[in-house]
Amino acid sequence: MRVCVIGTGYVGLVTGACLAHIGHDVVCIDNNEEKVKIMKSGQSPIFEPGLSDIMQSAINTGKIEFSTDLAAGVAHGEILFIAVGTPPLPTGESDTRYVEAVARGIGAHLDGGYKVIVNKSTVPIGSGDWVRMIVLDGIAERQNTLITAGGAPSYDNLAETTAKFDVVSNPEFLREGSAVSDTFNPDRIVLGGNSPRAIAMMQELYAPIVERKFAADPSLPPVPVLVTDLSSAEMIKYAANAFLATKISFINEVANICDRVGADVTQVAKGIGLDSRIGNKFLNAGIGWGGSCFPKDVSALIHTADDYGYETQLLKAAVSVNERQRLLAIEKLQQTLKILKGKTVGLLGLTFKPDTDDMRDAPALNVIEQLNRLGARVKAYDPIVSQTGMRHGLSGVLVETDAERLADGCDALVLVTEWQQFKNLEYAKMAQLMSHPVMIDGRNFLDPEMMIRAGFQYVGIGR
Ligand SMILES: NC(=O)c1ccc[n+]([C@@H]2O[C@H](COP(=O)([O-])OP(=O)(O)OC[C@H]3O[C@@H](n4cnc5c(N)ncnc54)[C@H](O)[C@@H]3O)[C@@H](O)[C@H]2O)c1
Ligand SMILES: O=c1ccn([C@@H]2O[C@H](COP(=O)(O)OP(=O)(O)O[C@H]3O[C@H](CO)[C@@H](O)[C@H](O)[C@H]3O)[C@@H](O)[C@H]2O)c(=O)[nH]1
């Protein structure tokens, strides 16, 4: 099928490359010329395991193209994905201006044949109908028709007389760091909409994934496809992220109680996770959830509920537990080192989770800011940030090129991100380079006994 993906960030580029990999003809559009130049050269502008390989092979087979030309993309696609960012506004609500610009642009270029416009961006509930309205505005603007209360054609008439299209909500559930694998092995596909024609086209698009043709385990039963109305699909996305974020805040709260009563949260998580009603995933206690999705999506859901006169007490509590949790490393540093002024603290990891270069709303940023405020010197080593030289607006931190340079002269280390290569660093050597060999393990990732043998005073979260 002919697909156009508009917005080639973590979601759009992965979606475009994976759809090309399974045989569709994909055009990816972005208004960032620099990004498009990089992608045209066969490189991925983001770090995502496996992405460059499938991009490269899709380029070689002519299945994917990159462009800044929205008109060409709209003309090419039978299915048009909107995958631009919906970042948080200071109020917590979602900033939908990029979605609006794209929807209007699609309208301005819609012509002729039937198209399915797919909202893959995470958008406030009700956005499906709103996108339809904006597309119609785009069509009207092109026709130089002013849609006003009197005289102008109604939205429905406009759709009748011009281009034919339907809007579908297809929320995305991929995780950064495993985005390609998540796309080929999804737990479910959600399709929201009220047009049987549009839903049928989406089912055809995803058939190879549903039938597990590109799955790690092709013998698994087909991927469940849930067809819902537009608003329910939009709500599923927010509810899934809000549930997962709340689950982590729950285990973090349990960890804080464990710390006080002398229990070990890693054992407790194992014990409750074996209950199939609870499940063992997303029960890793640590210094809080971050990234480009959980914080913004939970805030947006709180804001939406507020708009409708409902106060989300549980979600607000999940956020407030998380805000406190992000500063737990500071509390633990103060307990071990006492005064932080004049001390040097080294951070192992900067990104919000391993296997990504994404620093959006990373807990490391709060830790750096707070340590600076308290007069400590901060250094960091991160396998991706140190290697690529990307600084993402980082300030108040000296980024070192390896773990031993990081340890040199430090009063304490804080493991912020559980990069796999941090499991087996030369910890004994690192301890010797430090003024005080203290390790605050912010992700309960290291083996406490191994760290003690290496010469560290080991401090975990709730253990
Ligand atoms: N990052 C994730 O893991 C993830 C997972 C699921 C859902 N989502 C949702 O998907 C959406 C995209 O997230 P992301 O992380 O990929 O964002 P991103 O910021 O990485 O990428 C957005 C891209 O859109 C481009 N863009 C902006 N305006 C444009 C325009 N008018 N025309 C063409 N391109 C334009 C930007 O240049 C950028 O490349 C968001 O709504 C997000 O909540 C993200
Ligand atoms: O047990 C856990 C699991 C995760 N985290 C933290 O939670 C955050 C988010 O992690 P993760 O969910 O793995 O990464 P994301 O890429 O942000 O993915 C989430 O957000 C995406 C964007 O909406 C969704 O598509 C995914 O389904 C959803 O998992 C990170 O800071 C993790 O360190 C924990 O603290 N403990």
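These are my notebook entries on a predicted model, in the order I looked things up.

**Entry: helix α1**

I started with helix α1, residues 12–21, and asked how many of its residues are buried. The count came out as ten of ten, so I wrote the helix down as mostly covered. The buried residues include Gly-12, Leu-13, Val-14 and, at the other end, His-21.

What does the covering? I found strands β1 (2–6), β2 (25–29), β3 (64–67) and β4 (79–82) among the elements over α1's buried residues. Helices α3 (51–60) and α8 (179–184) are on that list too. After α1 comes Gly-23, and I noted its positive phi, near 115°.

**Entry: Gly-62**

Next I picked Gly-62, which is in the loop between α3 and β3. Buried or exposed? Gly-62 has 9 other C-beta atoms within 10 Å, and 12 or fewer counts as exposed, so exposed is what I wrote. I also checked Gly-62 against Ala-20: they are 42 residues apart along the chain, and their C-alpha atoms are separated by 9.0 Å. Ala-20 is one of the buried residues of α1.

**Entry: around ligand 1**

I moved on to ligand 1 and found 26 residues surrounding it. The closest are Gly-7, Gly-9, Gly-85, Ser-121 and Thr-122. Sorting the shell by type gave me eleven nonpolar, eleven polar and four charged residues. Which helix gives the largest share of the shell? That is α5, residues 97–109, with three residues.

**Entry: the UniProt positions**

I then looked up what UniProt says, keeping in mind that the entry is unreviewed. It lists "binding site" at Asp-30, Lys-35, Thr-86, Thr-122, Glu-176, Lys-296 and Arg-360. They span 331 residues in sequence and the farthest two C-alpha atoms are 24.2 Å apart, so they do not all gather at one spot. Thr-122 also turned up among the closest residues to ligand 1.

I took two of these positions in turn. Asp-30 is in the loop between β2 and α2 (33–40). It has 24 C-beta neighbours inside 10 Å, and 20 or more makes a residue buried, so Asp-30 counts as buried. Beyond its sequence neighbours, Asp-30 is in contact with Gly-7, Thr-8, Lys-35, Val-36 and Thr-68. Gly-7 I had already met by ligand 1, and Lys-35 is on the UniProt list.

Thr-86 is in the loop between β4 and α5. With 24 other C-beta atoms within 10 Å, Thr-86 is buried. Its contacts beyond the sequence neighbours include Val-99, Ser-121 and Thr-122.

UniProt's unreviewed entry also gives an "active site" at Cys-293. I found Cys-293 in the loop between α11 (265–273) and α12 (294–307). Why does it count as buried? Because it has 26 other C-beta atoms within 10 Å.

**Entry: a six-stranded sheet**

Last, I traced an open sheet of six strands with parallel pairing. I read its order as β11-β10-β9-β12-β13-β14. Which strands sit at the edges? They are β11 (398–399) and β14 (457–459), each pairing on one side only. Strand β13, residues 438–441, pairs with β14 over three bridges, and Val-438 has Gln-457 as its bridge partner.

Helix α14 (residues 328–337) packs on this sheet. I saw it touching β9 (344–348), β12 (412–415), β13 and β14, and its direction makes about 155° with that of β13.

Methods: Residues numbered from 1 in each chain as written. Chains lettered and ligands numbered in written order. Predicted model: local features only at pLDDT ≥ 70, side-chain atom pairs only at ≥ 80, totals over all residues. Pairing = 2+ DSSP bridges. Helix = DSSP H or I, 4+ residues; strand = E, 2+ residues; numbered from the N terminus. Contact = placed C-beta atoms within 7 Å. Axes fitted to C-alpha atoms, helices over the stretch in contact; angles between N-to-C directions. Near = placed C-beta within 6 Å. Nonpolar A, V, L, I, M, F, W, Y, C, P; charged D, E, K, R; others polar. UniProt positions renumbered as here; feature names shortened; annotations may be inferred. Lists of a residue's contacts leave out its neighbours within four places in sequence.
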